[in-house]
Amino acid sequence: MLYYLRVLTSLRVILNTVHTDICDDKMANNIFKSILTLATGSISSSVIVAFSLPLLSRLYTPSEFGIFGIYLTIIGLVSLVGCGKLETALMLTSRENERMILLKTCNILAICTILIFALPLLLFHTQFANYLGTKSIIPVVLLLPGALLMCWYNIFTVNANSSRMYMAVSKGTFYRAIVLVVLQAIFSYVFYGANGLILGVF
């Protein structure tokens with residue numbers, strides 16, 4: 001009798017181990033699929049932008065690309081502090097009510113940050129234009145909506161990742177790259193200088 005109990009106990013341990021290994025394999029497969037989905041979107045968008053550079057370099061001058069680079073740097077820095085990195089807390093909660101509160105708080109913080117940034121921008125718009133290397137006021141004015149859109153994009157990305165909407169993030173990254181390249185190419189014939197590059201972001 002004791003022998004059969006030992007056999008049953010051993011079988012139970014083996015079955016539990018096999019079940020755990022199966023669950024671990026499924027979890028590993030899910031993680032691998034998620035990483036592959038996100039990487040596909042990022043890599044494909046990078047390829048699209050890379051292949052578009054020969055075309056865009058014929059439509060815009062190096063100095064205009066420089067203005068565009070400075071513009072992206074400024075809105076990137078503002079968007080980093082726009083929500084106080086509170087959007088990362090979305091990864092730590094699974095409750096819908098907490099998620100909604102965090103999303104509302106992030107949006108309010110983003111808008112408040114942009115309004116605070118608007119004051120020195122209005123007072124020193126000439127200095128900002130000189131820093132950007134342009135005489136046009138359009139890039140300076142577009143700093144505010146650009147930074148706000150960047151904040152919203154960061155919130156959307158983190159929220160989608162926390163909700164495991166990896167395909168939506170991947171598709172969003174891919175389509176965003178296509179729209180960016182197409183608009184920048186079209187706007188080169190409509191707007192003067194680096195304005196086409198900047199407006200293409202929107």
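This passage describes annotated segments, the largest pocket and one buried serine in a predicted model.

An unreviewed UniProt entry lists residues 35-53, 65-84, 105-124, 136-156 and 177-201 under "transmembrane region". Two of these segments were examined for secondary structure. Residues 35-53 are 100% helix and 0% strand, with the end C-alpha atoms 27 Å apart. For residues 105-124 the helix content is 95% and the strand content 0%, and 29 Å separates the end C-alpha atoms.

The largest pocket in the model has a volume of about 600 Å³. Its lining comprises 24 residues, and those nearest the pocket centre are Leu72, Met150, Arg176, Leu180 and Val201. Two or more lining residues come from each of helix H1 (2-59), helix H2 (62-82), helix H6 (143-162) and helix H7 (166-187). Helix H7 supplies the largest share, with six residues. Sorted by class, the lining of the largest pocket holds 16 nonpolar residues, seven polar residues and one charged residue.

Ser79 is located in helix H2, one of the helices that contribute two or more residues to the pocket lining. The relative accessibility of Ser79 is 5%, and this residue therefore counts as buried, the cut-off being under 20%. When neighbours within four places in sequence are left aside, the contacts of Ser79 are with Ala147, Met150, Cys151 and Asn154. Among these partners, Met150 is also one of the residues that lie nearest the centre of the largest pocket.

Methods:
Residues numbered from 1 in each chain as written. Predicted model: local features only at pLDDT ≥ 70, side-chain atom pairs only at ≥ 80, totals over all residues. Heavy atoms only, no water. UniProt positions renumbered as here; feature names shortened; annotations may be inferred. Helix = DSSP H or I, 4+ residues; strand = E, 2+ residues; numbered from the N terminus. 1 Å grid on protein atoms, 1.4 Å probe; cavity = no way out; pocket = protein on both sides within 12 Å on 5 of 7 lines; lining within 4 Å. Points joined across faces, edges and corners; volume = space filled by probe spheres on them. Nonpolar A, V, L, I, M, F, W, Y, C, P; charged D, E, K, R; others polar. Buried < 20%, exposed > 50% of the residue type's maximum accessible area, 1.4 Å probe, protein only. Contact = heavy atoms within 4.5 Å.
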